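User: I should like to learn how to read salt bridges in a protein model. Please begin with the general idea and then turn to the case at hand.

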Number of protein chains: 2
Amino acid sequence: MAILAGNPAHLLASIDLFSQISLHDLDKIALNATQHEYKKNEYLFHQGDPARRFCVLVTGKVKLTQLTEDGQQIILRYVSPGEAFAVIAVLSKIPYPVTATAVNQVSLLSWEDQKMLELMHQYPQLAINSLSILATRIQEFQDRFREIATERVERRIARALLRLASQTGRKLEHGILIDISLTRQDLAEMTGTTLYTVSRTLSQWEKDGLVSSQREQVTILSPHKLVVLAEDMSR
Amino acid sequence: MAILAGNPAHLLASIDLFSQISLHDLDKIALNATQHEYKKNEYLFHQGDPARRFCVLVTGKVKLTQLTEDGQQIILRYVSPGEAFAVIAVLSKIPYPVTATAVNQVSLLSWEDQKMLELMHQYPQLAINSLSILATRIQEFQDRFREIATERVERRIARALLRLASQTGRKLEHGILIDISLTRQDLAEMTGTTLYTVSRTLSQWEKDGLVSSQREQVTILSPHKLVVLAEDMSR
DNA sequence: TCCCTTCTTTGCGCTAGCACAAAGAATAAA
DNA sequence: TTTATTCTTTGTGCTAGCGCAAAGAAGGGA
């Protein structure tokens, strides 16, 4: 947790949030950022905490979860490097609606909420970029909402795996490894089902040669067949 | 479809999107707006149309729906007066991801997308307001996502009715009338179930004195009991 | 090395809710 | 008024997926 030293403007330049902002301006923006590090499984903040920081992930993965009133947990999304998160709370001045957990070693930049608001007034492009990020995110949620409202569990799991693969997939010679530790429970919380059903589904897929799965790990052997499962409307 | 005559700045002033913007600036912003009228059941735009206008609803109700690949429809939300919609597409430069239908007689203001972008640069507060609107909307979607992922159909229907009541409820002496035409199919498309299940559920609730329902119409007789259904974790 | 914890698999019974069918009710059209 | 259309209800059968239990399997720590 140290003020950024040196000149990290170039680091910001490659991030969506800061696109179309001059390096000169980025320098000034960067001056207001703080850098944080978290270890695997460490909490960045909890649902209900007062929201004071606007975060951009630099390295690692962050998991955003929400707890229901009766104690069930769901996974809203995984954050990848370059993505902003906790945008919501800073702007609506309410507590964090989600819990953020470091999935692995994480490093992030953050801005104090008032400061970020000032910066947005000063550099409207910053607000506009945030807007288009949120717009995309709403779309994703709309899609997932439709998915969960209309589609069967098997297909939802297929979709979730494909999504994860595109975010954190590592190409191996025999398939695509989803490169985070991912329990059956995690997959269930992403797709609105139970760990039992996920386990059964993966077992079946393993028999069919679609995936290969170990403890907390899934490798997609046949992305093509998985896509068919996820999208073929004739099924 | 006519350029706004007169001085509608005061009309904008009461809208969230334009909060904290001076009347003087609102005048200028209003100059760029166009006003449109639509009749009941008329389409404002279709999913897939190129997105060129940023809209704010003035009077009436608008329904936003999405069609799945296999032709199922879902209702994403109802827009109430004062709310902005089609924000997404303008910023992400993609086709409208939803279809917008006038639920009743509708009047709205709209801005051409490029113009709105210019205005946001000129009046950053406009972008910041949009941000906080989108932020709230994301939260709503997250909540509904969690709801549909973790809760039973009966509770989801209860929630949907309560939400509708708070948006478009009209207080009567014997209850709250949901003041739009609302089929069983509509309720099903909002909650991710079938019209049959909705019909059965309403029938049961009618027996229990919770609601009274006619064709395309629902009146909540006991909001309290409905809240219990929607929220009581011991059930 | 052994123990303990966490994760996974699988069997089994059950039920919420879907799907289809068919009839009834309300509204619109002719 | 009659007819056509749209919406709603209800019966019936069925199955996807849940929930519980219990037994492996894989790490991790002492």
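Analyst: The pair discussed here first is Lys63(B) and Asp186(B), and Lys63(B) is buried, as is Asp186(B); buried means under 20% relative accessible area, exposed over 50%, and partly exposed in between (1.4 Å probe, protein chains only). This is a predicted model, in which local features need pLDDT of at least 70 and side-chain atom pairs count only at pLDDT 80 or more, whereas totals for chains, interfaces and linings use all residues. Residues are numbered from 1 along each chain as its sequence is written, chains are lettered from A and ligands numbered from 1 in the order written, and side-chain values use heavy atoms, without hydrogens and water.

User: What is a salt bridge, and how many are there over all chains?

Analyst: Side chains of opposite charge can pair when their charged atoms come close. The criterion is a side-chain nitrogen of Lys or Arg within 4 Å of a carboxyl oxygen of Asp or Glu. Over all chains, 14 salt bridges are counted. One of them joins Lys63(B) to Asp186(B), at 3.7 Å from N to O.

User: Which parts of chain B does this pair link?

Analyst: Lys63(B) lies in strand S5 (residues 62-67) and Asp186(B) in helix H7 (residues 184-191), 123 residues apart. Helices (H or I, at least four residues) and strands (E, at least two) are DSSP runs, numbered from the N terminus.

User: Is Glu83(B), the partner of Arg77(B), buried or partly exposed?

Analyst: Glu83(B) counts as partly exposed because its relative accessibility is 26%. Arg77(B), at 11%, is buried; the closest N and O atoms of this salt bridge are 3.3 Å apart.
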